[in-house]
Amino acid sequence: MPLRVTFLGTAGAIPTTDRNPSSVFVAREGEELLFDAGEGTQRQMMRFGTGFSVSQLFVTHCHGDHVLGIPGLLQTMAFNDREEPLAIHTPHGTRGQIKGLINALGNRPSFPVRISEVGDGDVAYRADEYEVRAFGTDHDTRSVGYALLEDDRKGRFDRERAEELGVPVGPKFSRLHEGESVELEDGTVVDPEQVVGDSRPGRSIVYTGDTRPTEATIEVADDPDLLIHDATFADDRADRAAETAHATARQAAEIANRAGADRLALLHLSSRYAGYTADHEEQAREVFAGDSDAVFVPDDGDRLEISYPGSE
Ligand SMILES: [Zn+2]
Ligand SMILES: [Zn+2]
């Protein structure tokens, strides 16, 4: 089942000619989720071909570079005669700000928009096979990060063993795989434990939005496949990172290490680095134990396919 991340906007607070403000698009088996929507997000969606069928929008905090794309995006959705509801999740105490943005020009979207507030540990969205959980972050306004956490997958079905035990090929196979015991014609009972292996972990993505390094980022997911972390500054401006409630690339890498992340995407680079990302990558690699491509600064439009743990 594909799980694909598209980095729509990778800039810090001020966009550059190459980088749009924050937005990350995630597609999972026909469902589309958007994390933050800085100004111009709708054009990035057009440029990189994501479509507009987003059902859930997760807002990390109400700074302009994370939310100013919402009014334009909703207006375009309305022009497209959208009827499907859109759910917007936003930190506690910010519903009014989101509502104000949407209705600023007296517009009312032609489709239902539901805004709900979330805090540390809340399940913002529960789907069939995964959930999106909010976690506390440390920024200079009300803020959360989000983790997409897939449920464990069923263990592997040992078809050969099932046949050896005399289970006839057919519906009893799937009942066993679903965890039910089945009775054979001779009265023998076969239990799922005899033919189904241990359950296997699902995939997970953690997105912090803007934040200083926090413990909650480490705790929200076990060994995430991808951590997308604030890396506004490099070491040269570590003091500035602390002052402005952001992180350095090195701090992001320390968090990634402690979280057991597989890969680390460094996001939200300050415009002062103007496309120069070598220091960020080098400083993060000094502390992050992973393959050489495990740490990266994505460009706008970069895509990443997340595979199941252990399947590579
Ligand atoms: Zn920001
Ligand atoms: Zn911010």
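Trainee: Which residue coordinates both zinc ions, ligand 1 and ligand 2?
Mentor: D210 does. In this predicted model, the two ions are 3.4 Å apart.

Trainee: What makes D65, H66, D210 and H268 donors of the zinc ion (ligand 1)?
Mentor: Distance. Donors are N, O and S atoms within 2.8 Å of the metal. D65 (OD), H66 (NE2), D210 (OD) and H268 (NE2) coordinate ligand 1 at 2.1 Å. That is within the cut-off, so they count. Along the chain, their spacing reads D-H-x143-D-x57-H.

Trainee: What do H66 and H268 tie together?
Mentor: H66 lies in helix 2, and H268 in the loop between strand 14 (263–267) and helix 11 (278–287). The pair therefore links parts that are 202 residues apart in sequence.

Trainee: Why is the arrangement around the zinc ion (ligand 1) called irregular?
Mentor: Look at the angles. The four donor atoms subtend 89 to 168 degrees. Tetrahedral needs all angles between 85 and 135 degrees. The value of 168 degrees breaks that limit, so the tetrahedral label fails. The arrangement counts as irregular.

Trainee: How do you know that H66, D210 and H268 are buried?
Mentor: Buried means under 20% relative accessible area. H66 has 0%, D210 has 3% and H268 has 4%. Each value is under 20%, so each residue is buried.

Trainee: Why is H63 called partly exposed?
Mentor: Its relative accessible area is 24%. Partly exposed runs between the 20% and 50% cut-offs, so H63 fits. H63 sits in the loop between strand 4 (56–58) and helix 2 (64–67). Beyond its sequence neighbours up to four places away, H63 touches H139, D140 and T141.

Trainee: What makes the D210–H66 pair a polar contact?
Mentor: Their side chains come to 3.0 Å. The cut-off is 3.5 Å between N or O atoms, so the pair qualifies. D210 itself is in the loop between strand 12 (204–207) and helix 8 (215–219).

Trainee: Which residues does UniProt list under "binding site"?
Mentor: The unreviewed UniProt entry places that feature at H61, H63, H139 and D210. They span 150 residues in sequence, yet no two of their C-alpha atoms are more than 10.4 Å apart, so they gather at one spot. D210 touches H61 and H139, among others.

Trainee: Which residues touch the most other members of the largest nonpolar core?
Mentor: V5, L226 and I228, out of 27 residues. A second, separate core has 25 residues, including L149 and V220.

Conventions: Residues are numbered from 1 along each chain as its sequence is written. Chains are lettered from A and ligands numbered from 1 in the order in which they are written. This is a predicted model: local features need pLDDT of at least 70, side-chain atom pairs count only at pLDDT 80 or more; totals for chains, interfaces and linings use all residues. Side-chain values use heavy atoms; hydrogens and water are left out. UniProt positions are given in the numbering used here, feature names are shortened, and annotations may be inferred rather than shown by experiment. Helices (H or I, at least four residues) and strands (E, at least two) are DSSP runs, numbered from the N terminus. Buried means under 20% relative accessible area, exposed over 50%, partly exposed in between (1.4 Å probe, protein chains only). Contact means heavy atoms within 4.5 Å. A polar contact is a pair of N or O atoms within 3.5 Å; within protein, one must be able to donate a hydrogen and the other to accept it, and residues adjacent in sequence count only if both atoms are side-chain atoms. A nonpolar core is a set of buried Ala, Val, Leu, Ile, Met, Phe, Trp, Tyr and Cys residues joined through side-chain atoms within 4.5 Å. Donors are N, O and S atoms within 2.8 Å of the metal (3.2 Å for Na, K and Ca); water is not among the atoms, so sites may look incomplete. Four donors count as tetrahedral if all angles lie between 85 and 135 degrees; four count as square planar and six as octahedral if opposite donors are over 155 degrees apart and all others between 65 and 115; anything else is irregular.
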